[in-house]
Amino acid sequence: MTSLPQLLENPIFAKVGAVADRMGREAYVVGGYVRDLFLQRHSKDIDFVTVGSGIELAQAVGRSLGRGTHVNVFRSYGTAQVKRHDLELEFVGARKESYHRDSRNPIVEDGTLADDIARRDFTINAMAMCVNSARFGELIDNYGGIRDLNDRIIRTPLDPDITFSDDPLRMMRAIRFATQLQFEIHQDTLNAIKRNVERIKIIVRERIKDELMKIMASSKPSVGWILLFETGLLKHILPELQAMHGVEVVNGRAHKDNFWHTMKVLDNVAAATDDVWTRWAALLHDIAKPVTKRWDKQNGWTFHNHNFIGAKMVPRIFSRLTLPTGMEMRRVQKLVELHMRPIALVEDEVTDSAVRRLINYAEDQLEPLMILARADITSKNEEKKQRFLDNFDLVEEKFAAINALDADRAFRPAINGNDIMELLGLPQGKEVGYYLTNLTRVSKDCEIGPTRQDAIDYVLALARERMGSLPQNSAEK
């Protein structure tokens, strides 16, 4: 066995090893922490396996660490957690597992270290390092985890069909690790996922959601979604996204493949922001295109109102995936609904009033909306693409200018309700409110100038339009 004590430089490993020595126990740091040591990735959670009771070892370690240490015991799982300051340690006894066909919850029995390593999901997670003083830093790698780390491969230690059939969530984990680590899934492992996709039905949605969120937080989330598509898992998880794949041709005219377009948009957004909800908006921005697709003899393929219908689909999708249905969902809804507005704006003249309307509609989602709009320009025509991006620059310059103006005007019309009553000879009431509401709207949208006379002229013109002529008792008369 290889000995690598220098990797276990954190003093906690020697402390745990010393406690285990006094108890006459073998103790090992295992799994993801060992993997991340070799990948030089930060990992805050440290998992220990001991041959014997993990709870007893945890309690002894907790006592040795002294004041400020908290030990939480989960007897039904045979595990314990030790917390001290920013340190979090998990302890479990070595075990072996067997499964029933209709559940991913294993039947657990005491086992050896070899049993415990064999039950782990992937070779890169099936390594252990001894923390006992006599063997400190000794690496146990029974399934070639170091080799697969070097080759950047995701592979199961045992038969992948059995691994995925026993615990189908491991199919999602394989794809998630491939996305996070930018590894490839070994062909045998990938083929086994394809053969076992139906087994995903026994997994609760919350566990699938957790894996999807980790995929979405990765530097290139399209990798995960493409793997979900290629393995056949996508149709069980997000069939609306699966439906976006494919190109239909009528009279020699084809639309673009909206699935692959979405993957490009998603990665463009991921390159611009870490905000996971803007990334979800990118994934779902064209989600209604399959249901709105129509062939028009004159205009070709159309997807009318796909943004509005897509926004209405978001709550159902979020609910089914057990994603948050509060503020986060509403943010995604708004971005899906408005994602066409910046493009429509730059295709017309970029006027102050049009920019003002976009600011009002987008509210606090203006910045992510522009990130999404820029990401949505995936044309292979570089000249066309640059023209749109340059126009977006102009729009954002106008945002800044109008926001600066707002700070001065604070959205107050140049005249108030008393002025309108005096101007039109009206008593206090709903009629005055009508004029004030419309005046406020056109002032916000920069449809009239900012001066008092501009406001007076607007109210008088509106009164003539509404009543045919001005009242006899109006100040204008």
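## Close-up views of a predicted model

**Figure 1. The second largest pocket of the predicted model.** The volume of this pocket is about 960 Å³. It is lined by 32 residues, and those closest to its centre are Lys256, Lys289, Met340, Ile343 and Asp376. Two or more lining residues come from each of helix H13 (258–272), strand E15 (300–302), helix H16 (306–320), helix H17 (327–338), helix H18 (341–347) and helix H21 (382–409). H18 gives the largest share of the lining, four residues. Sorted by class, the lining of the second largest pocket holds eleven charged, eleven polar and ten nonpolar residues.

**Figure 2. Surroundings of threonine 302 in strand E15.** Strand E15 (300–302) is one of the elements that give two or more residues to the lining of the second largest pocket. Threonine 302 has a relative accessible area of 10% and is therefore buried, the cut-off being under 20%. Apart from neighbours within four places in sequence, threonine 302 has contacts with Thr292, Lys293, Arg294 and Asp296. Between threonine 302 and histidine 255 the C-alpha to C-alpha distance is 8.8 Å, with a separation of 47 residues in sequence.

**Figure 3. Strand E5 and its pairing with E2 and E4.** Strand E5 covers residues 87–93; five of these seven residues are buried, so the strand is largely enclosed by the rest of the structure. Strand E2 (residues 45–50) pairs with E5 in the parallel sense, over six bridges. The pairing of strand E4 (residues 79–84) with E5 is antiparallel and also has six bridges. Phenylalanine 91 of E5 is the bridge partner of phenylalanine 48 and of alanine 80.

**Figure 4. The hairpin of E4 and E5.** Two residues lie between the strands of this hairpin. In the turn, histidine 85 has a positive phi of about 55°. Alanine 80 and phenylalanine 91 are bridge partners in the pairing of E4 with E5.

**Figure 5. The whole protein chain, for orientation of the close-ups.** The chain has 24 helices and 15 strands. Its C-alpha trace spans about 105 × 65 × 40 Å along the principal axes. The radius of gyration is 31 Å, whereas a compact globule of 477 residues would have one near 23 Å. Of the 477 residues, 49% count as buried. Among contacts with a separation of 6 or more, 65% are between residues 24 or more positions apart.

Technical notes:
Residues numbered from 1 in each chain as written. Predicted model: local features only at pLDDT ≥ 70, side-chain atom pairs only at ≥ 80, totals over all residues. Heavy atoms only, no water. 1 Å grid on protein atoms, 1.4 Å probe; cavity = no way out; pocket = protein on both sides within 12 Å on 5 of 7 lines; lining within 4 Å. Points joined across faces, edges and corners; volume = space filled by probe spheres on them. Nonpolar A, V, L, I, M, F, W, Y, C, P; charged D, E, K, R; others polar. Buried < 20%, exposed > 50% of the residue type's maximum accessible area, 1.4 Å probe, protein only. Contact = heavy atoms within 4.5 Å. Pairing = 2+ DSSP bridges. Rg over C-alpha atoms; globule rule 2.2 N^0.38 Å.
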